[in-house]
There are 2 protein chains.
Amino acid sequence: VGTRAVDLGQRSETVRRANLSALLRALHLAGPLSRSELVARTGLTRSSIRSLVGELVAAGLAAEEAPAPSGIPGRPSPLVRSVPDGATVLALDVAVDRVAAALVGLGGTVFASREIDRAREAVTVESTVDELVTLVASLDDEVGIPDRVVGVGVAVAGLVRRADGMVRMAPNLGWTDVPLGAILGSALATDVPIHVANEADLGALAELRRGTATGVDDLAFIFGEVGVGGGIIVGGQPLTGAAGYGGEVGHMPVRADGRACRCGSTGCWETEVGEEALLALAGYPPDGGRAAVEALIAAAGEGDARALAALEEVGRWIGVGIVGLVNLLDPDLVIVGGLFARIHPYIRRPVEEQIERRVLPASRALVRVVPSLLGVDAPLIGAAELAMEPLLSDPAYWIGRSRGTPELASA
Amino acid sequence: VGTRAVDLGQRSETVRRANLSALLRALHLAGPLSRSELVARTGLTRSSIRSLVGELVAAGLAAEEAPAPSGIPGRPSPLVRSVPDGATVLALDVAVDRVAAALVGLGGTVFASREIDRAREAVTVESTVDELVTLVASLDDEVGIPDRVVGVGVAVAGLVRRADGMVRMAPNLGWTDVPLGAILGSALATDVPIHVANEADLGALAELRRGTATGVDDLAFIFGEVGVGGGIIVGGQPLTGAAGYGGEVGHMPVRADGRACRCGSTGCWETEVGEEALLALAGYPPDGGRAAVEALIAAAGEGDARALAALEEVGRWIGVGIVGLVNLLDPDLVIVGGLFARIHPYIRRPVEEQIERRVLPASRALVRVVPSLLGVDAPLIGAAELAMEPLLSDPAYWIGRSRGTPELASA
């Protein structure tokens with residue numbers, strides 16, 4: 001995540017806006033920071049920093065505070081930090097087996113979050129939207145949603161068209177061509193921007209900004225649940241693909257004549273390594289859901305041979321898929337989230353064996369496979385980052401119009 | 001390939017250099033162009049264009065010429081074009097079964113090219129370098145290599161470390177950790193910059209700039225020969241990976257328990273679809289090389305059942321691998337080159353069948369699979385583009401030091 005600023009020595013409006021953005025982004029991602037650290041991170045001069053910090057402070061987006069005593073002689077540099085309630089976003093997550101909502105402030109502060117677990121079956125758009133509206137009302141009761149939020153970010157377990165946030169296809173929800181952003185705008189009675197994106201893409205963004213991958217430019221985030229989602233970061237940028245459907249790792253063929261997949265193909269990665277495959281291999285009902293998975297993991301912990309063999313076999317196929325990603329993408333890091341993070345202690349060795357056996361030595365020397373630290377909340381955290389992005393990209397625009405920002409009606 | 005220029009209304013040196021770059025790049029890629037077209041392409045003002053074109057003309061990099069009569073009343077806009085011998089690069093290609101060299105000028109003009117076919121077996125670095133030196137001497141005899149070339153670009157059938165151009169691993173050449181750039185610099189007695197990169201990455205660059213993919217931002221270029229190489233473009237930028245080893249599509253596992261691969265794994269894509277697999281399936285000697293492939297294609301043309309069945313089966317597995325790439329990358333375009341372009345008429349249908357069956361509908365609606373138009377020369381053309389890139393990125397630097405550019409000794 002580059003925060004290098006433009007500094008051409010001119011005072012043009014364009015340059016000022018770009019510099020304000022670099023500064024606010026640094027505070028949002030890494031703050032609190034001293035002015036000296038801001039100079040180092042943004043490449044701006046000390047006098048530019050002083051003037052820009054002043055603007056952010058005046059707009060209520062940043063604050064300066066006395067530094068902790070450093071023990072070094074001389075007057076220590078004051079710390080600049082973002083103000084969490086200077087800008088707030090609403091983050092929503094529509095997963096197969098739960099919906100969740102959070103109110104998140106500048107700097108990543110989570111003011112409150114709520115979730116509803118639900119049966120793992122096809123759900124209507126209407127019931128999902130009702131649940132989200134209930135969650136938002138509950139957040140409002142708990143902490144009060146500000147009159148003005150910067151935006152709403154929504155993570156969805158499905159393919160989302162980049163141009164307009166249309167949920168093109170969510171096989172595990174049973175949805176096709178759902179204009180979720182528009183529906184939510186109406187249900188929440190708001191006209192703030194609503195940004196909809198794929199859950200794994202947002203999980204990758206969360207890992208990059210708030211998780212295991214800060215400072216990493218090339219990573220693959222793999223999120224196992226009922227299906228397997230993927231979020232890919234290439235050269236510091238999300239791999240969206242031509243229309244926004246990139247990163248569908250769950251549908252790489254790894255065993256062309258394997259199990260039938262919901263997508264219509266056979267031997268997709270997710271049919272070999274998803275929750276249902278794991279449960280079936282261990283002799284549990286494939287539709288047993290999270291409870292069955294927990295029972296399986298408990299049995300493995302007690303040395304149950306069939307559970308251990310199922311985890312080993314699934315681990316082997318998780319490894320095969322990771323090998324394809326590593327040879328293709330040459331990432332620094334592969335982060336396994338969701339179910340895969342939960343079973344990581346059992347799959348670590350078979351995954352490493354496949355990597356050892358199949359990844360080209362040059363890429364193998366570099367890559368690490370680690371479990372996500374953000375757990376099931378990764379997509380929700382990514383949704384908050386997505387909703388904050390327009391403010392970070394051009395704070396001057398938001399400062400200028402902040403008096404006229406449309407309101408999010410309390411639902 | 002963005003050629004949008006920075007125009008802040010200031011006359012700073014930084015802005016001037018960026019604008020000069022945008023202008024020269026537009027002429028190199030799309031010229032000749034009228035001044036009006038340059039305004040449209042770069043976003044610069046007409047007066048900026050006039051002044052910058054003047055600089056390029058003075059430096060011998062561009063020329064203006066009278067326009068063709070347009071039939072439209074008024075004085076027609078003069079055409080600006082790049083001057084081919086205003087800047088020249090040397091492009092080299094080290095493939096398994098041939099080496100090639102070309103002298104290429106600004107705008108992509110190929111002044112001359114030469115190649116040497118060779119046996120398809122492990123070759124020493126020394127013999128390869130000798131062959132390249134011979135080719136360069138022969139180009140010099142034919143058209144005369146200018147005293148000053150901008151750079152040398154080298155395409156290699158292997159994994160190349162981005163940072164220093166080290167050929168880390170080229171299994172089909174039998175090379176490990178070869179500092180090819182340094183060796184060539186010494187053999188050619190030159191100190192101009194030598195840029196070494198993977199052949200398929202350069203093939204993708206060539207397709208993007210001079211081939212089937214101009215104007216496309218997301219593409220996968222797949223280059224089948226003995227092995228299978230890949231060059232991936234994501235959001236208009238080459239996917240290099242963390243260390244430069246990205247795009248190794250040949251080693252995606254598509255049939256985990258399949259044939260043994262040279263890399264040590266089994267069931268890699270290239271072991272299922274490379275030249276040897278095709279020849280073996282059709283009953284030809286797997287090491288029969290290009291001649292055997294041509295015989296096989298001729299037999300298929302005459303309706304030979306075994307040849308047709310082999311092409312069908314290989315086409316099916318080519319399709320399976322393409323499915324993985326499309327679901328992962330959501331590209332606009334998949335370009336098949338080398339062997340795959342040669343057999344394209346026979347594999348088109350089985351590839352389409354796999355895509356129809358296995359690619360998610362959203363991505364399927366978008367993607368096209370087409371044969372390369374550049375043929376085996378794609379990597380060589382890409383090598384020329386790579387070598388030209390420093391000039392295109394900062395023409396002012398090159399103009400300033402052009403009197404002192406190091407010479408390429410005629411070999």
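Trainee: What makes a residue pair count as a polar contact between chain A and chain B, and how many are there?

Mentor: This is a predicted model, and it has 22 residue pairs in polar contact between the two chains, both residues at pLDDT 80 or more. Each pair earns the name because an N or O atom of one residue lies within 3.5 Å of an N or O atom of the other, with one able to donate a hydrogen and the other to accept it.

Trainee: Which elements of chain A make up its side of that interface?

Mentor: Helix 1 (13-30), strand 9 (167-170), strand 13 (228-234), helix 10 (305-329), helix 12 (344-358) and helix 13 (361-364) each supply at least two residues. Helix 10 gives the most, with 9 residues. By type, that side of chain A splits into 27 nonpolar, 15 polar and 9 charged residues.

Trainee: And how many salt bridges are there between the chains?

Mentor: The count is 0. The buried area, though, is about 4000 Å², with carbon and sulfur atoms giving 65%.

Trainee: How do you know that B:Cys261 is not in a disulfide with B:Cys263?

Mentor: Their sulfurs are 3.7 Å apart. A disulfide needs them within 2.5 Å, so that is too far for a bond. The whole structure has 0 disulfides over all chains. A:Cys261 is in none either, with the sulfur of A:Cys263 the nearest, at 3.7 Å.

Trainee: Why is A:Cys261 called buried?

Mentor: Its relative accessibility is 9%, and buried means under 20%, so A:Cys261 qualifies. B:Cys261 is also at 9%, so it counts as buried.

Methods:
Residues are numbered from 1 along each chain as its sequence is written. Chains are lettered from A and ligands numbered from 1 in the order in which they are written. This is a predicted model: local features need pLDDT of at least 70, side-chain atom pairs count only at pLDDT 80 or more; totals for chains, interfaces and linings use all residues. Side-chain values use heavy atoms; hydrogens and water are left out. Buried area is the accessible area (1.4 Å probe) that two parts lose on being put together, summed over both. A salt bridge is a side-chain nitrogen of Lys or Arg within 4 Å of a carboxyl oxygen of Asp or Glu. A polar contact is a pair of N or O atoms within 3.5 Å; within protein, one must be able to donate a hydrogen and the other to accept it, and residues adjacent in sequence count only if both atoms are side-chain atoms. Helices (H or I, at least four residues) and strands (E, at least two) are DSSP runs, numbered from the N terminus. Ala, Val, Leu, Ile, Met, Phe, Trp, Tyr, Cys and Pro count as nonpolar, Asp, Glu, Lys and Arg as charged, and the others, Gly among them, as polar. Buried means under 20% relative accessible area, exposed over 50%, partly exposed in between (1.4 Å probe, protein chains only).
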